[in-house]
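Okay, thanks for coming, everyone. I'll put the structure up and we'll walk through how its pieces pack together.

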Amino acid sequence: MSEIPVPAQLGQMITGYWISKSIYAAAKFGIADLLTDGPRSIADLAAATNTRPDLLYRLLRALASVGVFAEDDGGNFSLTPLADLLREDVPGSQKALVLMMGDDQFRAWANLTDTVQTGENAYEAVFGKPVFDHIAEHPEKARIFDAAMTGVHGRETGAIIDAYDFSGIQKLADIGGGNGSKLTAILQKHRAMHGILFDLQHVVDRARSNIDDAGLGDRCELVGGDFFQSVPAGADAYTMRHIIHDWDDEKSITILKNCHAVMEPDHKLLVIDSVILPGNDPAFAKLLDLHMMLIPGGKERTEAEFRELYDAAGFDLTRVVPTASDVSVIEGVRR
Ligand SMILES: C[S@@+](CC[C@H](N)C(=O)[O-])C[C@H]1O[C@@H](n2cnc3c(N)ncnc32)[C@H](O)[C@@H]1O
């Protein structure tokens with residue numbers, strides 16, 4: 001039982017965005033990166049970020065009160081373990097994630113009531129076009145989106161590899177594979193396996209250096225395209241992480257049918273997403289579901305809902321393999 005009185009608990013929930021927007025502002029100013037070599041004064045940080053020292057001080061003081069940055073007796077600010085993850089080049093960096101969440105996607109959240117009433121996609125209402133079209137027109141937003149996927153989903157990769165046995169697959173196609181972080185981890189574990197990284201052309205163009213840096217240039221093909229048109233043939237298993245949750249049922253079935261069209265009977269389909277469970281236990285997936293409603297227009301699904309999608313696209317759902325993270329591997333075979 002929480003010791004916090006009920007009104008205060010609700011108050012924390014109601015004002016939650018004060019903290020997330022403050023973290024966003026600090027990330028936007030690059031404060032954590034500026035503190036990499038040690039504590040700095042507000043005057044120094046304000047000069048480096050073109051901000052007003054008195055107001056920057058209040059921002060960092062507020063963040064220090066929740067453990068993000070620390071102020072010493074001399075008025076200098078330094079990193080804390082939480083603030084350290086706001087640096088750009090650290091393992092597990094959350095900087096791109098906060099930049100993505102706190103900007104356009106935050107603006108779309110302001111439309112939650114409208115979307116729940118009308119069904120109109122919030123992101124399109126605010127920006128006039130679907131999220132992936134909007135991102136494609138803005139290279140810096142696209143770079144941040146790719147990196148943010150590792151920020152939000154990167155922790156899942158190890159858990160997926162621990163929970164699901166990918167051995168036996170000769171060529172694995174990662175459809176909508178983004179920056180390639182999941183596929184590279186699988187290929188690094190399974191040395192004889194080959195891979196296909198498929199995503200929109202501008203995304204695979206940016207992913208190429210990640211594949212080369214991982215030493216996988218000779219085992220991993222990069223293919224650009226649109227999964228609503230077709231996906232590349234030639235793999236004996238097809239995986240998608242956080243793809244199906246981006247789309248409504250009709251669009252999801254189109255993607256799955258396009259996989260079905262290039263697969264052979266008994267080939268495996270490995271969708272990796274959250275599976276919504278019954279009950280009221282805390283579940284990140286149920287909040288992520290709202291984010292999917294507002295941003296791409298998709299949804300998180302129950303096992304029964306995945307079974308229906310699989311069935312409609314010509315797959316049998318064989319099992320759901322939970323992982324130590326928020327996602328499960330929803331395994332199917334092509335009929
Ligand atoms: C939520 S991200 C997931 C990325 C990656 N699978 C991961 O788990 O980090 C969705 C991905 O779908 C890709 N995508 C969106 N529309 C697409 C399309 N029509 N064809 C191919 N890829 C698309 C995006 O570029 C993005 O990389």
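Let's start with helix 4, residues 42-49, and helix 5, residues 53-64, whose axes sit 9 Å apart with an angle of about 110° between them. That angle makes helix 4 roughly perpendicular to helix 5. I should say right away that this is a predicted model. So who touches whom here? From helix 4 we have Ile42, Ala43, Leu45, Ala46 and Thr49, and they meet Pro53, Leu56 and Tyr57 of helix 5. Sort that contact by class and you get seven nonpolar residues, one polar and no charged ones.

Okay, on to the sheets. One is an open sheet of three strands, in the order 1-3-2, with antiparallel pairing. Its edges are strand 1, at 40-41, and strand 2, at 70-71, and each of them pairs on one side only. Strand 2 is joined by two bridges to strand 3, residues 76-78, and that pair runs antiparallel. If you want a spot to click on, find Glu71, which stands opposite Phe77 in strand 3.

The other sheet I want to show is open as well, with seven strands in the order 6-5-4-7-8-10-9, and here the pairing is mixed. At the edges, pairing on one side only, are strand 6 (220-224) and strand 9 (315-322). Going from one strand to the next, the twist averages 20°. Let me pick out one pair: strand 4, residues 171-175, and strand 5, residues 194-199, run parallel and are joined by five bridges. Ile175, for instance, has Phe198 in strand 5 as its bridge partner.

Now, which strands does helix 13 lie across? They're strand 4, strand 5, strand 6 and strand 7, the last being 237-241, and the helix runs at about 165° to strand 4. Helix 15 packs on the sheet too, touching strand 4, strand 7, strand 8 (268-273), strand 9 and strand 10 (328-334). The direction of helix 15 makes about 110° with that of strand 9.

Both of those helices also have a helix partner, so let's take them in turn. Helix 13, residues 181-189, goes with helix 12, residues 139-163: their axes come within 9 Å and cross at roughly 25°. Because of that angle, helix 12 counts as roughly parallel to helix 13. The crossing is right-handed. On the helix 12 side you've got Thr150, Gly154, Thr157 and Ile161, meeting Ser181, Lys182, Ala185, Ile186 and Lys189 of helix 13. By class, that contact comes out as three nonpolar, four polar and two charged residues.

Helix 15 is 249-262, and its partner is helix 17, at 303-313; these axes come within 8 Å and cross at roughly 50°. That crossing angle is why helix 15 is described as oblique to helix 17. It's a right-handed crossing of helix 15 and helix 17. Asp249, Ser252, Ile253, Leu256, Lys257 and His260 are the helix 15 residues, and they meet Leu309, Ala312 and Ala313 in helix 17. The split for this contact is five nonpolar, two polar and two charged.

Last stop, the ligand. Which residues come nearest to it? Out of 17 around the ligand, those are Met149, Gly176, Gly178, Phe227 and Arg241. The whole shell divides into seven nonpolar, five polar and five charged residues. That's my tour, so let's open it up for discussion.

Key
Residues are numbered from 1 along each chain as its sequence is written. This is a predicted model: local features need pLDDT of at least 70, side-chain atom pairs count only at pLDDT 80 or more; totals for chains, interfaces and linings use all residues. A residue is near a molecule or strand if its C-beta atom, placed from the backbone, lies within 6 Å of it. Ala, Val, Leu, Ile, Met, Phe, Trp, Tyr, Cys and Pro count as nonpolar, Asp, Glu, Lys and Arg as charged, and the others, Gly among them, as polar. Two strands pair if DSSP finds at least two bridges between them. Helices (H or I, at least four residues) and strands (E, at least two) are DSSP runs, numbered from the N terminus. Axes are lines fitted to C-alpha atoms, for helices over the stretch in contact, and angles run from 0 to 180 degrees between N-to-C directions. Angles under 35 degrees count as roughly parallel, over 145 as roughly antiparallel, 65 to 115 as roughly perpendicular and the rest as oblique. A crossing is left-handed if the near helix is turned anticlockwise from the far one by less than a right angle, and right-handed if clockwise. Two residues are in contact if their C-beta atoms, placed from the backbone, lie within 7 Å.
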